[in-house]
Amino acid sequence: MNDVFLTGKIISNVEFKFIINSKNISIAVFNIETNDKQVIKIKAYNELADYCYSKLETRQRVFIYGEISENDVIVKEIYQYWLG
């Protein structure tokens, strides 16, 4: 597997859409900036997409466990955190 663990700040609005010609597959797409200033495109599907769209905001910090697919990271788990 090509699993990845990332921490970073959300730098774009979370876009939510349904995949055309599919049965109830939703997707959320957003970008994060890691601590070393790399920008990474994040995709979440179905229940995780719903969670990302309803709970995440720009400039919020997140911890992501996912899998690399082409030039994107597909989310398996995501956690929000705030710095005191």
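Start by selecting Asp 72 and Lys 43: both residues are buried, where buried means under 20% relative accessible area, exposed means over 50%, and partly exposed lies in between (1.4 Å probe, protein chains only). This is a predicted model, in which local features need pLDDT of at least 70 and side-chain atom pairs count only at pLDDT 80 or more, while totals for chains, interfaces and linings use all residues. Residues are numbered from 1 along each chain as its sequence is written, and side-chain values use heavy atoms, with hydrogens and water left out.

**Stop 1: Lys 43 and Asp 72**

Show both side chains as sticks. Asp 72 forms a salt bridge with Lys 43, with the closest N and O atoms 3.1 Å apart; a salt bridge is a side-chain nitrogen of Lys or Arg within 4 Å of a carboxyl oxygen of Asp or Glu. Side chains of opposite charge can pair when their charged atoms come close. This pair links distant parts of the chain, with Asp 72 in strand E6 and Lys 43 in strand E4, 29 residues apart. Helices (H or I, at least four residues) and strands (E, at least two) are DSSP runs numbered from the N terminus.

Is Lys 43 buried or exposed? Its relative accessible area is 18%, so Lys 43 counts as buried. Now select what surrounds Lys 43: leaving aside neighbours within four places in sequence, Lys 43 is in contact with Ile 27, Ala 28, Val 29, Asp 72, Val 73, Ile 74 and Val 75. Contact here means heavy atoms within 4.5 Å.

**Stop 2: Val 29**

From that list, pick Val 29, which lies in strand E3. Val 29 is buried, with a relative accessible area of 10%. Its contacts, again without neighbours up to four places away, are Asn 13, Val 14, Glu 15, Lys 17, Lys 41, Ile 42 and Lys 43. Try a distance label between the C-alpha atoms of Val 29 and Asn 13: they are separated by 8.4 Å, and the two residues are 16 residues apart along the chain.

**Stop 3: the nonpolar core**

Next, select Phe 30, Ile 32, Ile 42 and Ile 64, the residues with the most contacts inside the largest nonpolar core, which has 18 residues. A nonpolar core is a set of buried Ala, Val, Leu, Ile, Met, Phe, Trp, Tyr and Cys residues joined through side-chain atoms within 4.5 Å. Which elements give two or more residues to this core? They are strand E1 (3-10), strand E3 (26-34), strand E4 (39-45), helix H1 (46-55), strand E5 (61-69) and strand E6 (72-81).

Centre the view on Ile 64. Not counting residues up to four places away in sequence, Ile 64 touches Val 4, Phe 5, Leu 6, Phe 30, Ile 32, Ile 42, Val 73, Val 75, Glu 77 and Ile 78.

**Stop 4: a charged network**

How many salt bridges does the structure hold? It holds three. You have seen one of them, between Asp 72 and Lys 43. For another, select Asp 3 and Lys 76, whose side chains meet at 3.0 Å, N to O. Asp 3 is in strand E1 and Lys 76 in strand E6, 73 residues apart. Then add Glu 67, whose side chain meets Lys 76 in a salt bridge at 3.6 Å, N to O. Shared partners join Asp 3, Glu 67 and Lys 76 into one network. Relative accessibility is 36% for Asp 3, 31% for Lys 76 and 24% for Glu 67, and each counts as partly exposed.

**Stop 5: aromatic rings**

Finish with the rings: the whole structure has five aromatic pairs. Rings of Phe, Tyr and Trp (its six-membered ring) pair if their centres lie within 6.5 Å; planes under 30 degrees apart count as stacked, over 60 as edge-to-face and the rest as tilted.

Select Phe 16 and Phe 18 together. Their centres are 5.5 Å apart and their planes are at 80°, so this pair is edge-to-face. Phe 16 is partly exposed at 28% relative accessibility, whereas Phe 18 is exposed at 56%.

Now swap Phe 18 for Tyr 53. The rings of Phe 16 and Tyr 53 have centres 5.2 Å apart and planes at 35°, so this pair is tilted. Phe 16 sits in strand E2 (residues 15-18) and Tyr 53 in helix H1, 37 residues apart. Tyr 53 is partly exposed, at 48% relative accessibility.

For the last selection, take Phe 5, Phe 63, Tyr 65 and Tyr 79, which ring pairs link into a cluster.
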